[in-house]
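Morning, everyone. I'd like to walk through one model with you, mostly helix packing and a few backbone details. Here it is.

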Amino acid sequence: MRTQILKKNQIDEAVALLKKGELVALPTETVYGLAADAYNENAIRKIFSVKGRPENHPLILHIDSCDSVDFYAKNVSVYAKKLADFFWPGPLTMILNKKESINNLITGGLNTIAIRVPNNTAMLEVLKKMKNGIVAPSANFYQKISPTRPMHVIKNLDGKISAVLDDGGCAVGIESTIIDMTKDVPVILRPGAITKEMIENVLMFEIKSPVMHAEKVSGNMKNHYQPEKPLFLLTVKQIERLSMEENNSAIMHYSEISKNSGFFYYRMPKDKKQYAKKLYFALHELDSLDVKKIFVEIPPDSTEWGGVMDRLVKAAVK
Ligand code: TXA
Ligand code: MG
């Protein structure tokens, strides 16, 4: 199979492929998603085989507006509706009680379903034309670095999927915040650009932050988002000390650092939004260099950096 690169105005081509049960990588504001028609079981199965992802690891259903959420979920609380109104389209995924009509393959047999409305014009146009929802995990091999550019998708999936719809770089750069809205008190399962504080400001009550939990979500997996090269999370001081002994490694930093020869230095933005946007791009770049290791400066210890920290901790060698 040849993987076509579609221009972002080739919406009809992308829709036609999806309707035929093919897989197409689509842009979202977070990362590129590996999309399939949510009502085509064979297409959904292909997602798991192409990604090498276990079938009990549930998928996010993407829909075109919050108006259709009751079609897929039942007993949606007023609080969930409030968050949908405020944050959709946007990088927030809500876990809701699923309707019986939802294929168990999407939810890994759970009674709940993950739903979001992505904030990307091309993706929204595809969703509107499909009418059915679209299931889409990140368009990378299981546990590897997520794609924020079409070339990242191609790196993993060339020849394995029908097409990539090219809309350049993703604006947010890390996956959506996931919040479980089926519990008495909502719980964040995966941190992202929409923080606990932002959600609490809308709900006007306290929610629970990331915890270890039983469901098979990325928040619960120890290894994820991993480059091929071993990645170490260190302070600038530790990196400076190590760079006296080590060589031939990449160093990703946002603070001033004293430089040594034999290292590849990659400067990251100090602003958390800009950092998140560049994170996977930087990891793909550094991973493709001829280096032995990747040293990453630990990001600031604040909840605002929670999404970035979560991805780096899971990418790091334990
Ligand atoms: O930003 C995003 O969310 C991207 C873009 C493409 O939309 N998608 C994404 O999908 O990150 P994926 O499959 O890489 O991660 C989805 C996470 C998985 O860890 C999955 O286990 C969790 O959502 N999930 C899905 N359904 C769930 C459910 N019913 N309960 C708990 N977690 C669920
Ligand atoms: Mg993923």
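Start with a pair of helices: α10 passes α11 in a left-handed crossing. This is a predicted model, so keep that in mind throughout. Helix α10 covers residues 272–288, and helix α11 covers residues 306–315. Their axes come within 10 Å and cross at roughly 25°. Angles under 35 degrees count as roughly parallel, so α10 and α11 are roughly parallel to each other.

Who makes the contact? On the α10 side, we have Y275, A276, L279 and Y280. On the α11 side, V308, R311 and L312. By class, that is six nonpolar residues, no polar ones and one charged.

Look at the spacing in those lists. An α-helix has 3.6 residues a turn, so residues three or four places apart point the same way.

Stay on α10 for a moment. D287 also sits in this helix. Is D287 buried or exposed? Its relative accessibility is 12%. The cut-off for buried is under 20%, so D287 counts as buried.

What does D287 touch, once we leave aside its neighbours within four places in sequence? The list is I145, P227, E228, K229 and I294. Take two of those. First, I145: D287 and I145 are 142 residues apart in sequence, yet 9.7 Å apart in space, C-alpha to C-alpha. Second, E228: its backbone nitrogen lies 2.7 Å from a polar side-chain atom of D287.

Next pair: α1 and α6. Helix α1 is residues 11–19, and helix α6 is residues 121–130. The axes come within 9 Å and cross at roughly 50°. That angle falls outside the parallel, antiparallel and perpendicular ranges, and therefore α1 and α6 are oblique to each other. The crossing of these two is right-handed. From α1, the contact uses I11, D12, A14, V15, L18 and K19. From α6, it uses A122, E125, V126, K129 and M130. Sort the residues of the α1 and α6 contact and you get seven nonpolar, no polar and four charged.

Third pair: α4 and α8. Here the axes are 10 Å apart, and the packing angle is about 115°. The perpendicular range is 65 to 115, so α4 and α8 count as roughly perpendicular to each other. Their crossing is right-handed. Helix α4 brings Y79, K82, L83, F86 and F87. Helix α8 brings M198, I199, V202 and L203. The tally for α4 with α8 is eight nonpolar, no polar and one charged.

Now the loops around those two helices. Before α4, between β5 (73–74) and α4, we find N75. Phi of N75 is near 50°, a positive value in a residue other than glycine. At 65% relative accessibility, N75 counts as exposed.

On the other side of α4 there is a loop that runs between α4 (78–87) and β6 (92–98), and P89 is found in it. The peptide bond from W88 to P89 is cis. Omega there is near -5°.

Then α8. In the loop between α8 (196–203) and β12 (231–234) lies M204. Phi of M204 is near 65°, again positive, and again in a residue other than glycine. Is M204 buried or exposed? Relative accessibility is 70%, so M204 counts as exposed.

Last stop: helix α2, residues 41–51. Go through it from start to end. At the start of α2, a side-chain oxygen of N40 reaches to within 3.1 Å of the backbone nitrogen of N42. Along the helix, which residues are buried? They are A43, I44, I47, F48, V50 and K51. And what do those buried residues pack against? Two strands, β3 (33–37) and β8 (134–135), and two helices, α5 (104–107) and α7 (150–157). Just after α2 comes G52, with a positive phi of about 70°.

Quick recap of the pairs. α10 with α11: roughly parallel, left-handed. α1 with α6: oblique, right-handed. α4 with α8: roughly perpendicular, right-handed.

That's my part. Over to you.

Note on methods
Residues numbered from 1 in each chain as written. Chains lettered and ligands numbered in written order. Predicted model: local features only at pLDDT ≥ 70, side-chain atom pairs only at ≥ 80, totals over all residues. Heavy atoms only, no water. Buried < 20%, exposed > 50% of the residue type's maximum accessible area, 1.4 Å probe, protein only. Helix = DSSP H or I, 4+ residues; strand = E, 2+ residues; numbered from the N terminus. Contact = heavy atoms within 4.5 Å. Polar contact = N/O pair within 3.5 Å; in protein donor to acceptor, adjacent residues only side chain to side chain. Axes fitted to C-alpha atoms, helices over the stretch in contact; angles between N-to-C directions. Parallel < 35°, antiparallel > 145°, perpendicular 65-115°, else oblique. Left-handed = near helix turned anticlockwise from the far one by under 90°. Nonpolar A, V, L, I, M, F, W, Y, C, P; charged D, E, K, R; others polar.
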